[in-house]
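Hi everyone, thanks for making time for this. I'd like to walk you through a structure that is probably new to you, so have it open in front of you as I talk.

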Amino acid sequence: MIPGAAAVWKSLPAAQRRMILILIAAIAVANIDQPFPELAPLQHGPTLALALAAPWLLRRWPLSNGAVACVLAFLLLHTLGGRYIYSYVPYDDWARAISGHDLSSSLGWRRNGYDRLVHFAFGALLTAPIAQAAYRHGAMRRRWSLCFAFVTVGFVGAAYEIFEWLLTIIAAGETADWYNGQQGDIWDPQKDLLAAQAGAALALLLPVVRRIGQAQSPVLINPNHPGGPSR
């Protein structure tokens, strides 16, 4: 065990420890009978690394339970999409099993839209945690922290689309196309960015998001840890 790991783990609020365990369990379940094993490390490796590093990150830069729950919800959506490399999430099969009708036919969709949902969720769910981190650890005023979160969603989304472009150049062929999930849409990056910004804009209109974004620090077991006491 890494020295001090037990102390770091115990210093977190119990709710946050449970959320980290839920994420690790979801990653494990997503890799049972994995349909795309060659791409699983690309999809789930970064998420697992983040889950394992979360105790140290949250000890150094503590967030409220609500903010961590928003991050967890986004990562669970990503983990589900990663299992099916996004382009093949079988939501139509699930819808038919429940209602007898599929979503694509009912809504006139011509492509698998799960990736667009997750891009929207990126903006909708991560705006509050980003704003809270900026307000709490970046010494920003409340309104500026929300503006910062909105801009950060766009910046991170654009950086990710550039990463996907570079992956296409390096990997090329079917692997890159599967990972990127363009599904033949040349405007896929622009639509993904629009979905994320729309999610962030909607989040800013919701009072609950503003409350989470401006929440005070939780009380930690050790007030002398590097993240400092609650304020």
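I'll start with the overall fold, then go to the core, the pocket, the aromatic pairs and a few single residues.

One thing to say up front: this is a predicted model. So, what is the protein built from? Its secondary structure is 11 helices and zero strands. If you read the elements from the N terminus, you just get alpha over and over, α-α-α-α-α-α-α-α-α-α-α. There are 231 residues in the protein, and 44% of them are buried. Looking at contacts with a separation of 6 or more, 73% are between residues 24 or more positions apart. The accessible surface is about 12,600 Å², and carbon and sulfur atoms hold 70% of that.

Okay, let's go inside. The largest nonpolar core has 35 residues. The ones with the most contacts inside this core are L23, L58, F74, Y114, F122 and V153. Where do they come from? The elements that give two or more residues to this core are helix 2 (14-30), helix 3 (40-60), helix 4 (65-83), helix 7 (114-137), helix 8 (142-171), helix 10 (188-205) and helix 11 (207-213). And which of the helices gives the most? That's helix 7, with eight residues.

Let's stay with F122 for a second. If you skip its neighbours within four places in sequence, F122 is in contact with F74, T127, V153, V156, G157 and A196. Notice F74 and V153 on that list; both were among the core residues with the most contacts.

While we're on helix 7, two more residues there deserve a look. H119 sits in helix 7, and with a relative accessible area of 19% it counts as buried, since the cut-off is under 20%. Leaving out residues up to four places away in sequence, H119 touches E161, D192, A195 and A196. So A196 turns up again, as it is also a contact of F122. The other one is R136, also in helix 7. Is R136 buried or exposed? It's buried, at 7% relative accessibility. Its C-alpha is 9.1 Å from that of G213, although the two are 77 residues apart along the chain.

Next, the pocket. How much space is in the largest pocket? About 1,300 Å³. There are 44 residues lining it, and L50, F74, L75, F122 and L126 lie nearest its centre. So here are F74 and F122 again, this time in the lining. Helix 2, helix 3, helix 4, helix 7, helix 8, helix 9 (173-180) and helix 10 each supply at least two residues of that lining.

Now the aromatic rings. We describe a pair of aromatic rings by the distance of the centres and the angle of the planes. This structure holds six such pairs, and I'll show you two.

The rings of F36 and Y88 have centres 5.5 Å apart and planes at 25 degrees, so this pair is stacked. F36 is in the loop between helix 2 and helix 3, while Y88 is in the loop between helix 4 and helix 5 (91-99), so the pair links parts of the chain 52 residues apart. F36 is buried, at 16% relative accessible area, whereas Y88 is partly exposed, at 43%.

The other pair is Y91 with W109, and this one is edge-to-face: 6.0 Å centre to centre, with 85 degrees between the planes. Y91 is in helix 5, and W109 is in the loop between helix 6 (103-107) and helix 7, 18 residues apart. Y91 is buried, with a relative accessible area of 10%, and W109 is partly exposed at 40%.

Last stop, the backbone. Most residues other than glycine have a negative phi. D33 has a positive phi of about 50 degrees, and D33 is not a glycine. You'll find D33 in the loop between helix 2 and helix 3, exposed, with a relative accessible area of 69%. I85 has a positive phi too, near 40 degrees. I85 lies in the loop between helix 4 and helix 5, but I85 is buried, with a relative accessible area of 1%.

That's my tour; I'm happy to take questions.

How values were computed
Residues numbered from 1 in each chain as written. Predicted model: local features only at pLDDT ≥ 70, side-chain atom pairs only at ≥ 80, totals over all residues. Heavy atoms only, no water. Core = buried A, V, L, I, M, F, W, Y, C linked by side-chain atoms within 4.5 Å. Buried < 20%, exposed > 50% of the residue type's maximum accessible area, 1.4 Å probe, protein only. Helix = DSSP H or I, 4+ residues; strand = E, 2+ residues; numbered from the N terminus. Contact = heavy atoms within 4.5 Å. Areas by Shrake-Rupley, 256 points an atom, 1.4 Å probe, with all protein chains shown as cover. Phe/Tyr/Trp six-rings, centres within 6.5 Å; stacked < 30°, edge-to-face > 60°. 1 Å grid on protein atoms, 1.4 Å probe; cavity = no way out; pocket = protein on both sides within 12 Å on 5 of 7 lines; lining within 4 Å. Points joined across faces, edges and corners; volume = space filled by probe spheres on them.
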